[in-house]
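Please look through the model shown below, taking the strands before the loops and the pocket.

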Amino acid sequence: MSRTRSRVTAVAATVLVLALAALSAIVWTSPDVSPVQQTIRAAEKVQEAADAAHERERLMARIDALEAQVGSLTEGKVDAEQQLASSDGALQAALKELAILQNSERSATAPLETAPAPAPAPQPAAAPVTAPSKAELLSPSAMYYGMYTEQAPHNWATLDATSQKVGALPSMVGYFGGWDQDFRADAVTRSWSRGMLPMLTWESRPIAAQNDVVDEPDYSLPRIIGGAFDDYLHRYAQAIASTGLPLAIRLDHEMNGVWYPWSETDGSGASINGNSPGDYVKMWQHVHDIFEQEGANEYVIWVWAPNRVDNLPSANRGLAFTEQLYPGDDYVDWIGMSGYLRPPYTSTSSYTFDTTFGATLAQLRQVADKPIVLAEVGASETEGHKPEWVASFFDGLADPANDDIVGFAWFSLAVTTYVQGERATNDWRIDSRADSLAAFQNGLAELGDDVQTQPLG
């Protein structure tokens, strides 16, 4: 092949040389043609000769390539067939990858609304909320430290802020609910998720009712006893049983006073809200029986908690009056009370635990042999006795004579109410003033292992 190509190249060169020689001769020997025209014509002839030579060279190169390709195909036919067979699988895989790539490109350029939504990433299962059994909770090895704030357990902001100042978290959280509300399972689960026993003060009236209104005829004790709220009570009890976590329920507290619609009489024998003596016990037993039917009593610690007796109308202060409001040992798990240092103060100059709680605790211990919880306590800043009272409060809890007290719940709010017809704001908060907070911190620390607290964080 190379020899043929060399001959052709030589011939083309010879032709080109001869053409140039002939052109030169014509130019210099022809009298009829001007030098410029002769030059142009000569250039044209040279270009034509060069083009012809290049075309011949191109054609010969193409012939050489074709001959080489034919030879290669002939000699490697068997090898080519084997390579084709072995590469068929790779070819098919490549075609599949190409199809996938094309589909991906189409999806990327398609409108957003037509693209399929990505599958949600699997979320780790939440750890189940657990709690001790009711039996374990009834007789704790150390007393509960509880707190009421504006929104806990539905919102922990205030409780946590106060706890940061105290230096420890409570082991019990108090909150309120009305009979126009269904059971809030989240209150119980949120409490136990932080290791706190929830204590619900459950009032048989709407949650938004005012404390100075005693007339709630739709929620009278005779209506409750007569079954007007049975559907609601069954549903409530079913929800507690379904949640399966324990809680304390302080049902219609301070029933020995004259300021709630579930009280029976006004201290002069007149009916409150259409109620009669004996109705309170019947109401309590009726509610308890419905809970028993629904299996809810397995989880409920029933707290019967009258008010401090020495601040009541004289007709309501005696042991007999307190006893006739008690539903019976089979219907109550804890007995308790509300007790505050609050104005107006009596002529006493003693602002102590015994002054506030002593007379009532004596009656409670005669009414029933049950664990005692100080279910709602606090001290006002009015007249500046709060630090002294707080210190005495913790001294009283440490007294072995009060070993039957299983807990207390501090009402850490500031509230404006009417006291003997006068509007007054009482700041019950633990951190109302620096000296009051210090007295609380010291008292809680001095109880040591006798009180259940939780570390911050």
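Helices (H or I, at least four residues) and strands (E, at least two) are DSSP runs, numbered from the N terminus. This is a predicted model, in which local features need pLDDT of at least 70 and side-chain atom pairs count only at pLDDT 80 or more, while totals for chains, interfaces and linings use all residues. Residues are numbered from 1 along each chain as its sequence is written, and side-chain values use heavy atoms, with hydrogens and water left out.

A convenient place to begin is strand β2. Six of the seven residues of β2 (residues 172-178) are buried, so this strand is largely enclosed by the rest of the structure; here buried means under 20% relative accessible area, exposed means over 50%, and partly exposed lies in between, with a 1.4 Å probe and protein chains only. Two strands pair if DSSP finds at least two bridges between them, and β1 and β2 pair in the parallel sense over three bridges, with Met147 standing opposite Val173 in β2. Strand β2 is also joined to β3 (residues 197-203) by seven bridges, and these two strands run parallel; Phe176 has Thr201 in β3 as its bridge partner. Together with helix α7 (residues 185-193), β2 and β3 make a right-handed β-α-β unit, where right-handed says that, with the strands pointing away from the viewer, the path from the first strand over the helix to the second runs clockwise.

Another such unit, also right-handed, is made by β4, helix α10 (residues 279-293) and β5. Strands β4 (residues 247-251) and β5 run parallel and are joined by four bridges, and the bridge partner of Ile249 in β5 is Trp302. Five of the five residues of β5 (residues 300-304) are buried, and both of its faces are covered, with Val300, Trp302 and Trp304 on one side and Ile301 and Val303 on the other. Two bridges join β5 in parallel to β6 (residues 334-341), where Trp334 stands opposite Val303.

The loops hold some less common backbone geometry. Most residues other than glycine have a negative phi, and most peptide bonds are trans. In the loop between β4 and α10, Glu254 has a positive phi near 50° although it is not a glycine, and with 6% relative accessibility Glu254 counts as buried. Glu383, which lies in the loop between β7 (372-379) and α13, has a positive phi of about 70°, but at 59% relative accessibility Glu383 counts as exposed. A cis peptide bond, with omega about 5°, joins Ala152 and Pro153, and Pro153 lies in the loop between β1 (143-148) and α6 (157-166).

After the loop that holds Glu383 comes α13. The 13 residues of α13 should span 18 Å at 1.5 Å a residue, and its end C-alpha atoms are 19 Å apart, which agrees; the expected span is 1.5 Å times one less than the number of residues. Among the buried residues of α13 are Trp389, Phe393, Phe394 and Leu397.

Which residues line the second largest pocket? Pro140, Ser141, Ala142, Met143, Leu397, Ala398, Asn402, Asp403, Ile405, Val406, Leu447 and Asp450 do so, and the elements giving two or more residues to this lining are α13 (386-398) and β8 (405-411). A pocket is an open set of points on a 1 Å grid over the protein atoms alone, where a 1.4 Å probe fits, with protein on both sides within 12 Å along at least five of seven lines, and lining residues have an atom within 4 Å of a point.
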